[in-house]
Each structure stands twice: as C-alpha cells, then as structure tokens.
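Trainee: I've got a model open on my screen and I'd like to talk it through. Can we take it step by step?

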Amino acid sequence: QHLGLSQQARKIIEEIRSSPPARRVHSAAGNVNVRYPSRKMGIIIQAESHRNELAGVYEKEYDPETLEYYDQPPRIKLVYKAKNGRRVGIWHTPDYFVIRGDSIGWEEWKTEAELPVLAEQMPHRYIRQEKIWHCPPGEEHAAQFGFFYRVRSSAEIDWGLQRNLLFLEDYLHADREDLDEKS
C-alpha cells in the first residue's frame, strides 16, 4: 500500500501470487534445471542454471528486503525495434517476479558472457550503460505499473556470499525454539 500502486498493478501482483509458474524450466546445453525448496515462500522455486539463476534464488531467499519472489511469472509483451529497424512485439517470460519492501518488479537473469552476444543480435532489447545491463522494452513495460525490470548479470554475483549462504543454510533456518540456550 505504501508504494501507492494502481488497481491494475495490484491485479498483476494478485495474478502472479495466485498462479503457478507459467512454464517449467528445462535443462539445455550449459545449464542444469534446479528445483529449490524455498522456506521463505513455502513452495518449490525453479531455476534454469545452478551457476546463475540459483545464485539469484539464494540472494532473494536470504535478503530481508525481499518479501516474496515467484519463478516464471506470466508472460509480458516486449515491444522494440529489431536489428533491421522493424518494430517487433514478443511474448517473454521473465525469470522472477520480486516483491521487496521498497519496490516490485521482474528480473531476467543472464550470464555476462551471453549478454554482449544478445546485445549484438538485439541492440534495442539489451543495452549496457555504465557497467549495468538494461532491457529498455522491459523497463518501459514495467514502468507503466510502477514496477522495475532488471537484467541481472552473473557478473553481479558475490560468490563468497553464495558459499557462506550454502554453508550456513541450516543454521539460518533453525527455529529459535529448537535452539538449546545452554549450548
């Protein structure tokens, strides 16, 4: 409520919250299908890559500002100029829809190696500005609802934090009632 979202934005959030993932993720060359049992969400969260998207899942799972996150939310339409200058509209399934204390929106996770290739193929869809990747058509779509659209790159992953989260995962989820105060 404190974000002052429109009725249309609230409807989108409710649809995402009440719907199963729009698609099942699949393994392909270079990635591994991952199913993560999220304690924060109380459901299985999908990731298409254990070296990229799964790091994003861990980030959201342990970030206190992330209130909820959903994998494979319903498709959104991205409209932009193709490389040849023609206007195209494509249906795109973002990787995650994230509800944070201060913002709400979609995330698309890509490896740093594939982003320059995608930017070459689709120069109006993927743009790098000051070391940050953007998707202008995604950002434009999200802005109409007061949401964000972020391209997240594998270059952003803090692997030290990831190793620590994996190591401490059981401790981080320990119920306070189960802790022995004498230990």
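Mentor: Sure, and let's start with a term we'll need: rings of Phe, Tyr and Trp pair if their centres lie within 6.5 Å, taking the six-membered ring of Trp. Keep in mind that this is a predicted model.

Trainee: Okay, so how many aromatic pairs does the structure hold, and what kind of pair do F97 and W106 make?

Mentor: The structure holds six aromatic pairs. For F97 and W106, the ring centres are 5.4 Å apart and the planes meet at 65°. Planes over 60 degrees apart count as edge-to-face, so F97 and W106 are edge-to-face.

Trainee: And which kind of pair do F145 and F147 form?

Mentor: Their centres are 5.9 Å apart, with 40° between the planes. Under 30 degrees would be stacked and over 60 edge-to-face, so whatever is left over counts as tilted. That makes the pair of F145 and F147 tilted.

Trainee: Are F145 and F147 buried or exposed?

Mentor: Buried means under 20% relative accessible area. F145 has 8%, and F147 has 8% as well. So F145 is buried, and F147 is buried.

Trainee: Which residues do ring pairs link into a cluster?

Mentor: We've met the edge-to-face pair of F97 and W106, and the tilted pair of F145 and F147. Ring pairs link these residues into a cluster: F97, W106, F145 and F147.

Trainee: Let's look at the strands. Which strand forms a hairpin with β6?

Mentor: Strand β6 covers residues 96–100, and four of its five residues are buried. On one side, five bridges join β6 to the antiparallel strand β3, where Y69 stands opposite V98. β6 also pairs over four antiparallel bridges with residues 104–110, where Y96 faces E107. With three residues in between, the hairpin partner of β6 is β7.

Trainee: Which residue lies over the face of Y96?

Mentor: A charge sits over a ring if, among other things, NZ of Lys or CZ of Arg is within 6 Å of the ring centre. R150 does this over the ring of F148, at 3.7 Å from its centre. Over the face of Y96, at 4.6 Å from the ring centre, lies K60.

Trainee: Last one: what is the area of the nonpolar surface patch with L168?

Mentor: L168 is in helix α5, residues 159–172. With a relative accessible area of 33%, L168 is partly exposed. Together with F167 and Y171, L168 makes a nonpolar surface patch of about 380 Å².

Note on methods
Residues numbered from 1 in each chain as written. Predicted model: local features only at pLDDT ≥ 70, side-chain atom pairs only at ≥ 80, totals over all residues. Heavy atoms only, no water. Buried < 20%, exposed > 50% of the residue type's maximum accessible area, 1.4 Å probe, protein only. Helix = DSSP H or I, 4+ residues; strand = E, 2+ residues; numbered from the N terminus. Pairing = 2+ DSSP bridges. Lys NZ or Arg CZ within 6 Å of the ring centre and 35° of its normal. Patch = residues over 30% accessible without salt bridge, like charges linked within 9 Å, V, L, I, M, F, W, Y side chains within 5 Å. Areas by Shrake-Rupley, 256 points an atom, 1.4 Å probe, with all protein chains shown as cover. Salt bridge = Lys/Arg side-chain N within 4 Å of Asp/Glu carboxyl O.
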